[in-house]
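Student: Could we go through this model together, one question at a time, with the reasoning spelled out?

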Amino acid sequence: MGRSYNEFWRDRGTKVVGTRRTSLINDPPDGKVPALTLETQKKQADARAYQRLHPSDGPEDRNLWERCLSRGLPIVPGPYNNDFQIQQSPGYVVIFHEMVHEARVIPLDGRPHASPDIRQWMGDGRGHWEGDTLVVDTTNFSEKSNFRGASSGLHLVERFTRTGPDSIRYEFRVEDPTTFTKPWSAEMPMGKMDTPIFEYACHEGNYAMSGLLGGARADERKDAEKKAAAQSKSK
Amino acid sequence: MRKNFVMMLGLAGLLAAVAPVWAHHAFAAEFDAQKPVKLKGTVAKVEFINPHSWIHMDVKEADGKVTRWMVEGGSPNALFRRGVTKDALPQGTEISVDGYQAKDGSNRANGRDITFADGRKLFVGGSNPDEQPNAK
């Protein structure tokens with residue numbers, strides 16, 4: 001859809017990383033997400049087959065972003081609203097995401113993860129300091145969450161390192177042997193911004209959902225008309 | 001100790017390699033690439049709401065009838081960063097919009113280029129050479 005979205009929509013980065021690398025992924029060295037396990041490949045193929053038949057029967061068929069539920073983890077840049085507020089107080093770090101208005105409240109006191117029975121969209125994060133690096137270890141993701149096919153089995157380790165007064169290096173490592181054939185990592189820079197986070201009143205502004213469902217009904221009507229026309233021709 | 005750090009993720013040159021789900025919603029599911037529209041009218045209201053801004057405009061049809069259209073655009077923070085505030089599009093401003101109509105036939109469109117009466121464009125085209133203004 002190169003022709004549909006222009007600068008009215010996008011919020012591009014303004015700097016190029018020093019190494020000029022072309023992938024966020026730094027391990028494996030080829031910069032590619034490792035192969036998915038056969039089980040995950042099958043799951044995704046099934047999901048795609050279902051999607052083709054039921055693209056928008058109801059809101060539940062649409063993805064988590066469109067439903068204003070979760071952008072999920074790890075942090076991966078999209079075309080706009082890559083805005084985060086990191087707030088530190090004694091014993092906790094709060095990472096607030098503009099997209100989908102998600103806030104992670106991360107304890108730093110070394111307590112263990114919640115029981116595996118507790119499952120959350122953003123998982124259950126625990127933080128600690130390794131020198132000047134904030135390390136956040138997150139498990140307990142909901143089975144309905146979806147990061148490139150990974151969900152409840154995802155073990156995510158994120159590292160936030162100050163690299164200057166206005167910059168942080170963000171790294172994450174993904175481990176989920178049920179989804180990926182080997183672990184992988186990525187890193188990217190974050191820069192300070194001058195504007196505040198804008199409120200994300202997702203449902204209030206989500207005219208898109210009625211548009212998506214309306215679009216699907218229009219497609220169905222068109223298909224039905226085509227079928228009817230074809231039948232009357234064959235008679 | 002209390003630190004408050006507002007960060008923006010840098011994506012320069014890295015976006016193409018990643019981001020499988022890249023927009024809040026899918027263009028093709030909501031809008032019809034076969035239905036380009038060129039709307040000429042006046043701004044009735046602008047909603048700066050996440051995840052997308054919406055420009056409501058009154059479009060005068062050939063028969064003189066006025067129809068209200070809704071045009072979807074970028075996220076508020078993305079627009080603010082480019083200096084586009086509510087003052088950029090006050091009520092009554094004459095604009096024309098190139099976009100694509102909603103698939104369900106309602107008076108909604110995915111907005112692309114917004115042009116003022118004096119020919120100034122509010123948004124320049126993307127750097128993608130594919131991104132030409134609509135043919136119609």
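**Salt bridges, a barrel and its surroundings**

Tutor: In this predicted model, A:Arg159 forms a salt bridge with A:Glu171, and their closest N and O atoms are 4.0 Å apart. A:Arg159 belongs to strand β7 (residues 155–164) of chain A and A:Glu171 to strand β8 (residues 167–175) of chain A, so the pair ties together parts that are twelve residues apart in sequence.

Student: Is A:Arg159 buried, partly exposed or exposed?

Tutor: The category follows from the relative accessible area, where buried means under 20% and exposed means over 50%. A:Arg159 has a relative accessible area of 28%, so this residue is partly exposed.

Student: Which residues are linked with A:Glu171 in a network of salt bridges?

Tutor: We have already met the salt bridge from A:Arg159 to A:Glu171, and A:Arg169 also forms a salt bridge with A:Glu171, with the closest N and O atoms 3.7 Å apart. A:Arg169 counts as partly exposed because its relative accessibility is 31%. The network that holds A:Glu171 also contains A:Glu130, A:Arg159 and A:Arg169.

Student: How far apart in sequence are A:Asp46 and A:Lys42, which both lie in helix α1 of chain A?

Tutor: Side chains of opposite charge can pair when their charged atoms come close. The side chains of A:Asp46 and A:Lys42 meet in a salt bridge, at 3.0 Å from N to O. Both residues lie in helix α1 (residues 38–53) of chain A, where about one turn of the helix separates them, that is, four residues.

Student: Which categories of exposure do A:Asp46 and A:Lys42 fall into?

Tutor: The boundary that matters here is that exposed means over 50% relative accessible area. A:Asp46 has 42% relative accessibility and therefore counts as partly exposed. A:Lys42 has a relative accessible area of 53%, so the category for A:Lys42 is exposed.

Student: How many salt bridges are there over all chains?

Tutor: The pairs discussed so far include A:Arg159 with A:Glu171 and A:Asp46 with A:Lys42. When the same rule is applied over all chains, the count of salt bridges is 17.

Student: How many helices and strands does chain A have, and in what pattern do they follow one another?

Tutor: Chain A has three helices and nine strands. Reading along the sequence, we meet them in the pattern β-α-β-β-β-β-β-β-β-β-α-α.

Student: Turning to chain B, in what order do the five strands close into a barrel?

Tutor: We can start from the pairs, since β2(B) and β3(B) pair in the antiparallel sense over six bridges, while seven bridges join β3 (residues 54–60) to the antiparallel strand β4 (residues 66–72) of chain B. Across the whole barrel of chain B the pairing is mixed, and the order of the strands is β2-β3-β4-β6-β5. From one strand to the next, the twist averages 55 degrees.

Student: Which helix packs on this sheet?

Tutor: The element in question comes from chain A, and it touches β2 (31–47), β3, β4 and β6 (108–116) of chain B. Its direction makes about 115 degrees with that of β6(B), and the helix is α3 (residues 207–234) of chain A.

Student: Which residue of β4(B) is the bridge partner of B:Met57?

Tutor: Strand β3 of chain B, residues 54–60, is joined by seven bridges to strand β4 of chain B, residues 66–72. In β4(B), the bridge partner of B:Met57 is B:Trp69.

Student: Why does B:His56 count as buried, and which residue of chain A is in contact with it?

Tutor: B:His56 lies in strand β3 of chain B, a strand that is mostly covered, with five of its seven residues buried. B:His56 counts as buried because its relative accessibility is 7%. Leaving aside neighbours within four places in sequence, the contacts of B:His56 include B:Thr42, B:Arg68 and B:Trp69, and from chain A there is A:Tyr207.

Student: Which residue has its backbone oxygen 2.8 Å from a polar atom of the side chain of B:Ser53?

Tutor: B:Ser53 lies in the loop between β2 and β3 of chain B, and B:Ser53 is buried because its relative accessible area is 2%. The backbone oxygen 2.8 Å from a polar atom of the side chain of B:Ser53 is that of B:Gly74.

Notes: Residues are numbered from 1 along each chain as its sequence is written. Chains are lettered from A and ligands numbered from 1 in the order in which they are written. This is a predicted model: local features need pLDDT of at least 70, side-chain atom pairs count only at pLDDT 80 or more; totals for chains, interfaces and linings use all residues. Side-chain values use heavy atoms; hydrogens and water are left out. Two strands pair if DSSP finds at least two bridges between them. Helices (H or I, at least four residues) and strands (E, at least two) are DSSP runs, numbered from the N terminus. Axes are lines fitted to C-alpha atoms, for helices over the stretch in contact, and angles run from 0 to 180 degrees between N-to-C directions. Contact means heavy atoms within 4.5 Å. Buried means under 20% relative accessible area, exposed over 50%, partly exposed in between (1.4 Å probe, protein chains only). A polar contact is a pair of N or O atoms within 3.5 Å; within protein, one must be able to donate a hydrogen and the other to accept it, and residues adjacent in sequence count only if both atoms are side-chain atoms.
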